[in-house]
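Good morning, colleagues. Thank you for making time on the agenda; I should like to take you through one chain, from its overall fold to a few individual residues.

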Amino acid sequence: MSILSFFARRYIAGETRKDAIFTAKRLNSQGISATIDNLGENVKDASETDETVKEYLSLLDDIDEAGVNSTISLKLTHLGLDISGELARKNAEAIIKKALSLKNFVRFDMEGSAYTPDTIDTVLKLNRLYPNIGVAIQSYLLRSEKDANLLINEGISVRLVKGAYREPPEIAFEKKSDVDRNYESLMKKLLLGGTRPAIATHDEKLINEAMRFANEKNIPKDRFEFQMLLGIKRTLQRKLAHDGYAVRVYVPYGKNWLPYTMRRLGERKENLLFVVKNIFD
Ligand SMILES: Cc1cc2nc3c(=O)[nH]c(=O)nc-3n(C[C@H](O)[C@H](O)[C@H](O)COP(=O)(O)OP(=O)(O)OC[C@H]3O[C@@H](n4cnc5c(N)ncnc54)[C@H](O)[C@@H]3O)c2cc1C
């Protein structure tokens, strides 16, 4: 087993839909809901996007048949955004329609900043047609305050994250303390005015502040949810659920696990040191 696949095992449910459903069921048994993501991004071949759509349609059926409490998450570049915006939108629409027929919900992940305008634009357009969609925004981007205001006004559910891509200083906060400060400010804005916002972080200071703020402002626990990634802060996930908070875990699966795993590795100094040590041992 390579050192990378060792890490992938921690962060990814497995290669198949069955693995993802199994993991979602296990989370459900702990009072935690899921959002399942079929791994893949930056697809350059239109016929490959047909496969992605098929996979998501089958995934929605499997979630329904298994009776698991799980939404789905997807990336527009997995659906062809690098080929054309129209193709990606058409593919997303097929998935959203199916999700709607099964009373399910589709969350658009946010990718690197080259895709932010198209992702926000697509979500705004699709939201006029379908009620069951939401999108992620990243607190490291300077533009996110504007996006948060816009999405709040449109009643679109936002998942707030810090951001996982490398971005230039012209458009993004460079210092972690600034990213965290912006997260806190956007989080409070969303808690006050957003449509069932998702506070997606493993940062315990921010999670504690969200709980304190919601309590101070009398925001009920069912008006927002905490989200975390599979394999990270498992004890905290269970504790929050036990304390009556809504908790949803992002469950990625599929063969294309490398880019996702590399992003997770880069988030923690200890992970990188572990990899370097094992490569040079
Ligand atoms: C549900 C969910 C969906 C997401 N969707 C997107 C998205 O659409 N677009 C996007 O750009 N990003 C997304 N992310 C990733 C996000 O942007 C961050 O990169 C990631 O969550 C780490 O930041 P943090 O908020 O946990 O804070 P940090 O300050 O980075 O971490 C806080 C603490 O969490 C723990 N931790 C964090 N990361 C790891 C790790 N990889 N391994 C082990 N421990 C870790 C550590 O203890 C760390 O001290 C998502 C995250 C979540 C939880």
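I shall begin with the chain as a whole, then turn to two helices, the ligand shell and several loop residues. Please bear in mind throughout that this is a predicted model.

Let us start with the overall architecture. The chain contains 11 helices and 8 strands. Its radius of gyration is 18 Å, close to the 19 Å that the globule rule gives for 281 residues, so the chain is as compact as a globular protein of that length. Along the principal axes, the C-alpha trace spans about 55 × 50 × 45 Å. Of the 281 residues, 40% are buried. As for the contacts with a separation of 6 or more, 71% of them join residues that are 24 or more positions apart.

I turn now to helix α2, residues 17-28. Does its length agree with what one expects, or disagree? At 1.5 Å a residue, its 12 residues should span 16 Å, and the end C-alpha atoms are 16 Å apart, which agrees. The buried residues of this helix are R17, A20, I21, T23, A24 and L27. They cover an arc of only 165 degrees around the axis, which puts them on the same side of α2. What do these buried residues pack against? Their partners are two elements that follow in the numbering, β1 (33-38) and α3 (46-66), together with β2 (70-74) and β8 (247-253).

The second helix I wish to discuss is α7, residues 176-193. It has 18 residues and reaches 26 Å from its first C-alpha to its last, close to the 26 Å expected at 1.5 Å a residue. Its buried residues are N182, Y183, L186, M187 and L190. Seen down the axis of α7, these fall within an arc of 140 degrees, so they line one face of the helix. The elements that cover them include α6 (144-154), β5 (157-161), β6 (198-200) and α8 (204-216).

Next, the ligand. Which of the 22 residues around the ligand come nearest? They are D109, A136, V161, T201 and H202. By class, the shell has 10 nonpolar, 6 polar and 6 charged residues. Two strands, β4 (133-138) and β7 (225-229), each supply at least two residues of that shell, and β7 gives the most, with 3 residues.

One of those nearest residues, H202, deserves a closer look. It lies in the loop between β6 and α8. With 17 C-beta neighbours inside 10 Å, H202 counts as partly exposed, because the class of buried residues begins at 20. Setting aside residues up to four places away in sequence, H202 touches M228, I232 and K233. H202 and R234 are 32 residues apart in sequence, and their C-alpha atoms are 9.8 Å apart in space.

Another loop residue, L79, is found between β2 and α4 (85-101). Is L79 buried or exposed? It counts as buried, with 29 C-beta neighbours inside 10 Å. Leaving aside neighbours within four places in sequence, L79 is in contact with T49, T52, L74, A88, N91 and A92. By way of a long separation in sequence, L79 and L265 are 186 residues apart along the chain, and 25 Å apart in space, C-alpha to C-alpha.

I come next to backbone geometry. Most residues other than glycine have a negative phi. R196, in the loop between α7 and β6, has a positive phi of about 30 degrees although it is not a glycine. R196 counts as partly exposed, with 15 C-beta neighbours inside 10 Å. N218 also has a positive phi, near 55 degrees, and is a residue other than glycine. N218 is found in the loop between α8 and β7, and it is exposed, with 7 other C-beta atoms within 10 Å.

My last residue is R143, found in the loop between β4 and α6. With 15 C-beta neighbours inside 10 Å, R143 counts as partly exposed. R143 and G67 are 76 residues apart along the chain, and their C-alpha atoms are separated by 39 Å.

To close, I would return to the two helices: the buried residues of α2 lie on the same side of that helix, and those of α7 line one face. Thank you for your attention.

Definitions and conventions. Residues numbered from 1 in each chain as written. Predicted model: local features only at pLDDT ≥ 70, side-chain atom pairs only at ≥ 80, totals over all residues. Helix = DSSP H or I, 4+ residues; strand = E, 2+ residues; numbered from the N terminus. Expected span 1.5 Å × (residues − 1). Buried ≥ 20, exposed ≤ 12 C-beta atoms within 10 Å, placed from the backbone. Arc of directions from axis to C-beta. Contact = placed C-beta atoms within 7 Å. Near = placed C-beta within 6 Å. Nonpolar A, V, L, I, M, F, W, Y, C, P; charged D, E, K, R; others polar. Rg over C-alpha atoms; globule rule 2.2 N^0.38 Å.
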